[in-house]
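Welcome, and please open the model in your viewer. We will go from one selection to the next, pausing at each stop to see what is there.

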Amino acid sequence: MASFKPSIPPASDSSTSGEVHVIMGPMFAGKTTALLRRIKSEGNSSRNVAMIKSSKDTRYAIDSVVTHDGVKFPCWALPNLSSFRQNFGGDAYDKLDVIGIDEAQFFEDLYDFCCTAADHDGKTVIVAGLDGDYLRRSFGSVLDIIPLADSVTKLTARCEMCGKRAFFTLRKTEETRTELIGGADVYMPVCRQHYVNGQLLIKTARSVVESHKFKCVSDTFAEATPFV
Ligand SMILES: [Zn+2]
């Protein structure tokens with residue numbers, strides 16, 4: 001029986017073999033801390049490192065990645081990843097060994113960037129981001145790069161209600177935009193049980209507010225309309 005044998009071209013240069021590592025999880029799970037630890041340890045092994053974050057996230061500092069507990073690292077704040085090479089400089093990019101990407105859910109071109117950087121340019125790319133949004137739906141392109149990854153780590157936080165392991169991010173406000181950037185004032189990490197309870201509470205609160213709004217409008221309308 002004939003078997004298919006793919007012809008594998010000889011590797012032209014072993015140094016062009018890159019890697020992709022994904023660190024994901026809910027908010028407050030220590031994703032940025034884990035990313036910084038990896039980047040710093042790569043830097044200590046005399047590898048050239050650079051860090052990128054989204055320019056959408058200006059919560060702590062524009063030119064630094066900052067963890068929730070205040071640890072800082074200089075970074076490039078960019079609207080997209082495709083502009084990194086040009087901003088960083090072609091020669092400097094060629095000398096880079098490791099690229100860290102924080103808040104990766106905000107980059108629409110994450111998949112293409114990881115492919116090029118790891119497959120063709122031989123970079124080790126370490127990506128940290130949210131896997132899901134506050135509705136537990138896939139957020140941005142973070143899940144799309146899992147088939148490209150050498151390793152995937154899902155971190156957990158502590159449930160703010162009961163202290164058990166938290167896998168999800170609950171939005172405490174009634175805002176319904178997917179991209180609402182905020183910290184502990186807007187979001188909290190929760191376990192499954194408290195996610196479900198919390199969603200129910202928020203839905204009830206929202207419908208009370210909506211019906212109150214409707215009542216105000218209809219009252220105003222009734223006052224403005226002369227009784228016929
Ligand atoms: Zn809980």
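Begin by selecting β6, residues 98-102. Five of the five residues of this strand are buried, so β6 is largely enclosed by the rest of the structure. Keep in mind throughout that you are viewing a predicted model.

**Stop 1: the two faces of β6**

Show the side chains of β6. Val98, Gly100 and Asp102 point one way, while Ile99 and Ile101 point the other way. Residues on both sides are buried. This fits a general pattern: in a regular strand the side chains alternate between the two faces of the sheet.

Which strands does β6 pair with? On one side, five bridges join β2 to β6, and the two run parallel. To find this pairing, select Val49, whose bridge partner in β6 is Val98. Four bridges join β6 to β7, again in parallel. Here, select Ile99 and look for Val125 opposite, in β7.

**Stop 2: the whole sheet**

Now widen the selection to the open sheet of six strands, in the order β5-β2-β6-β7-β1-β8, with parallel pairing. Its edge strands are β5 (76-78) and β8 (151-154), each of which pairs on one side only. Turn the view to look along the sheet: from one strand to the next, the twist averages 20°.

Pick out β1 and β7 within this sheet. They pair in the parallel sense over seven bridges. Ile23 is a good residue to click on, as its bridge partner in β7 is Ala128.

**Stop 3: the helices on the sheet**

Add α1 to the view. This helix lies across β1, β2, β6 and β7, and runs at about 165° to β7. Then add α4, which packs on the sheet and touches β1, β6 and β7. The direction of α4 makes about 155° with that of β7.

**Stop 4: the nonpolar core**

Which residues touch the most other members of the largest nonpolar core? Of its 49 residues, they are Ile52, Ile101, Cys114, Val125, Val127 and Val190. Color the elements that give two or more residues to this core: β1 (19-25), α1 (31-44), β2 (49-54), β6, α4, β7 (124-130), β11 (168-171) and β12. The core draws at least three residues from each of domain 1 (16-155) and domain 2 (156-222).

Zoom in on Ile52 and show what surrounds it. Leaving aside neighbours within four places in sequence, Ile52 is in contact with Cys75, Trp76, Leu78, Leu81, Phe84, Ile99, Gly100 and Ile101.

**Stop 5: Glu103**

Next, select Glu103, which an unreviewed UniProt entry lists under "active site". Glu103 lies in the loop between β6 and α4 (110-120). Is this residue buried or exposed? Glu103 has 24 C-beta neighbours inside 10 Å, so it counts as buried. Not counting residues up to four places away in sequence, Glu103 touches Lys53, Ser54, Asp57 and Gly129.

Follow one of those contacts to Asp57, in the loop between β2 and β3 (64-66). Asp57 is partly exposed, because it has 17 other C-beta atoms within 10 Å. Setting aside neighbours within four places in sequence, its contacts are Glu103, Phe106 and Ile181. Try a distance label here: the C-alpha atoms of Asp57 and Phe106 are separated by 8.7 Å, although these residues are 49 apart along the chain.

**Stop 6: Tyr187 and β12**

Move on to Tyr187, listed under "binding site" in an unreviewed UniProt entry. Tyr187 belongs to strand β12 (residues 187-190). With 20 other C-beta atoms within 10 Å, Tyr187 is buried. Beyond its neighbours within four places in sequence, Tyr187 is in contact with Met27, Thr169, Leu170, Arg171, Lys172 and Gly182.

Show all of β12 and check both faces, which are covered: Tyr187 and Pro189 are buried on one side, Met188 and Val190 on the other. β11 and β12 pair in the antiparallel sense over four bridges, and Arg171 stands opposite Tyr187 in β12.

**Last stop: the full chain**

Finally, zoom out. The chain has five helices and twelve strands. Buried residues make up 31% of its 228 residues. Of the contacts with a separation of 6 or more, 72% join residues 24 or more positions apart.

Conventions:
Residues numbered from 1 in each chain as written. Predicted model: local features only at pLDDT ≥ 70, side-chain atom pairs only at ≥ 80, totals over all residues. UniProt positions renumbered as here; feature names shortened; annotations may be inferred. Buried ≥ 20, exposed ≤ 12 C-beta atoms within 10 Å, placed from the backbone. Contact = placed C-beta atoms within 7 Å. Core = buried A, V, L, I, M, F, W, Y, C linked by C-beta atoms within 7 Å. Domains from an automatic or database assignment. Pairing = 2+ DSSP bridges. Axes fitted to C-alpha atoms, helices over the stretch in contact; angles between N-to-C directions.
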